[in-house]
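Please read the following report beside the sequence and the 3D view. It moves from single residues to helices, then to a sheet, and ends with the contact between the chains.

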Amino acid sequence: MNVALDAGAAVYVAMAVTLSVWIGIFAYLWRIDSQARALRREIEREERREQPAAPRATVTRVSAGEPVEK
Amino acid sequence: MAQRMAQAAKLLIGVWIAAVAVSMFVVVPQYEGLGNAGRIIIMHVPTAWVSVLAFTVSALFSGLYLWRGQPKHDDYALAAAESGFLFTVLATVTGAIFSQVVWGVYWNWDPRQTSIFVLLLIYAALFALRSSIEDVARRRQLSAVYSLFAFVTMPFLIFVAPRISDSTLHPNCAFIQGSKCEGVDLGVGTLGLLGDRKVELISLDRVGDVVTAKVEVTEPGMASVATLSPTYDTASHKIIDRPNFPGLRFRLVVEGVDMVANSVRLNIEAPGTGLIDNGRTLLTFLASIFGFTALFFWMMNVRATLLSVQWALARREGSRI
């Protein structure tokens, strides 16, 4: 008879299987979570970098007849 | 700081659910009549609860998307619907395993099983709808509207439809000690469930004012079948004979007779028949509900983040996904 399916051991075997599955799911979710956040941070950083710089030149109104410095 | 708190909370979810898994097998005592199979209730009910929560959250975000038009709301609505679908599948699978142990078959189109199957089809159609529309804005809008309609069917399919039929094998009365099971109305030749026992009314015999119901009681797992004969006085409306379920302290009673319809109301009498009337079981059960709820919110957040990254990349490349 299979020892793992023995009435006394079966509960612990089932518990070990459940725990293993959960640890696997948890590790996968943790990894995906951190990767997704890292990707989003990078995209946000790049979007900020790609934004056009604010213009530095200033325009001043010159009244008619006033000499303009060149 | 907030980042660290979030990471700690995620770690806590991991430890919490691991503790629930250990407790499910080691701390929760065996259920009378069901043995170790009764432990699956710790997974089955919380996953079903989370699916209800997930579809509700999905509908809320769909409504928010229609109101505000922000793509992130659509991401969350889709993420919640996908998580809800996953948890519904889990509830269905654990239910089918439980059904195999208690009723002897994985699937028998019980009203509860049928309604959950219809709910799965409705949400599967949502994903099919999303994948069939090319235009992103139109896809989001239509699926938000569909999601709201799908949500309207959810309470009916989960809470109402399975309770309409008396001849369901799914335990509909609350399990917690102190709550009262309403019993089942059975006509001659129909099936029902009392606690975890399948009962079938074979015949009704009347001698004077005394009615004897011949009831076939099937043990969980189809281990054995017994025929019990509870009796009821129709003149004084009193229960006369209360036969015990084989080897148990539960008793089978007739609470009312309708000779015109040839049916009786059968019920179970016990000091505490429930799966959850034990303190350790109840605590593990509540911990499981809490853990799965937290897990759902984490999963939804991860999926929504992934979707937003996907959209951002698609926008950058100027292509449609």
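A residue is called buried if 20 or more other C-beta atoms lie within 10 Å of its own, exposed if 12 or fewer do, and partly exposed in between, the C-beta atoms being placed from the backbone. The model is a predicted one, in which local features need pLDDT of at least 70 and side-chain atom pairs count only at pLDDT 80 or more, while totals for chains, interfaces and linings use all residues. Residues are numbered from 1 along each chain as its sequence is written, and chains are lettered from A and ligands numbered from 1 in the order in which they are written.

**The two chains**

Helices (H or I, at least four residues) and strands (E, at least two) are DSSP runs, numbered from the N terminus. By that reckoning chain A has one helix and zero strands, whereas chain B has six helices and nine strands. Of the 70 residues of chain A, 3% count as buried; in chain B, buried residues make up 38% of 321. Contacts are counted between residues whose C-beta atoms, placed from the backbone, lie within 7 Å. Among the contacts in chain B that join residues at least 6 apart in sequence, 59% link residues at least 24 apart.

**Single residues**

Is A:Phe26, with 19 other C-beta atoms within 10 Å, buried or partly exposed? A:Phe26 is partly exposed, because its count is 19. This residue belongs to helix α1 (residues 7–50) of chain A, and its C-alpha atom is separated by 16 Å from that of A:Met15, 11 residues apart along the chain.

B:Ile158, in helix α5 (residues 136–164) of chain B, counts as buried because it has 21 C-beta neighbours inside 10 Å. Leaving aside residues up to four places away in sequence, B:Ile158 touches B:Val52, B:Ser115 and B:Leu119. The last two of these names also appear among the buried residues of helix α4(B), which include B:Ser115, B:Ile116 and B:Leu119. B:Gln113 is another buried residue of α4(B), and its C-alpha atom is separated by 9.7 Å from that of B:Ile158, although their positions lie 45 residues apart along the chain.

Most residues other than glycine have a negative phi. The table gives two residues of chain B with a positive value.

| Residue | Phi | Loop of chain B | C-beta neighbours within 10 Å |
|---|---|---|---|
| B:His237 | near 55° | between β6 (231–233) and β7 (238–239) | 11, exposed |
| B:Asn262 | near 60° | between β8 and β9 | 14, partly exposed |

**Helices of chain B**

The expected span of a helix is 1.5 Å times one less than its number of residues. Helix α4 (residues 111–132) of chain B has 22 residues and reaches 31 Å from its first C-alpha to its last, close to the expected 32 Å. For α6(B), the 39 residues should span 57 Å, and the end C-alpha atoms are 57 Å apart, which agrees. B:Gly318 follows α6(B) and has a positive phi, near 70°.

Angles run from 0 to 180 degrees between N-to-C directions, and axes are lines fitted to C-alpha atoms, for helices over the stretch in contact. On this basis α1(B) and α6(B) pack at an angle of about 145°, with their axes 9 Å apart. The residues making this contact include B:Trp16 and B:Ile17 of α1(B) and B:Ala294 and B:Trp298 of α6(B). Ala, Val, Leu, Ile, Met, Phe, Trp, Tyr, Cys and Pro count as nonpolar, Asp, Glu, Lys and Arg as charged, and the others, Gly among them, as polar. The residues of the contact then divide into nine nonpolar, four polar and one charged.

**A sheet in chain B**

Two strands pair if DSSP finds at least two bridges between them. An open sheet of three strands has the order β1-β9-β8 in chain B, with antiparallel pairing. Its edge strands are β1 and β8 (251–258), each of which pairs on one side only. Four bridges join β1(B) to strand β9 (residues 263–269); B:Asp185 has B:Arg265 as its bridge partner, and B:Leu186 stands opposite B:Val264. Along β1 (residues 184–187), B:Val184 and B:Leu186 point to one face and are buried, while B:Asp185 and B:Gly187 point to the other and are not.

**Between the chains**

In the contact between the chains, 17 residues of chain B meet 16 residues of chain A. Helices α1 (2–26) and α6 (279–317) of chain B each supply at least two residues of the side that touches chain A. That side of chain B has 12 nonpolar, four polar and one charged residues.

Key:
Contact = placed C-beta atoms within 7 Å.
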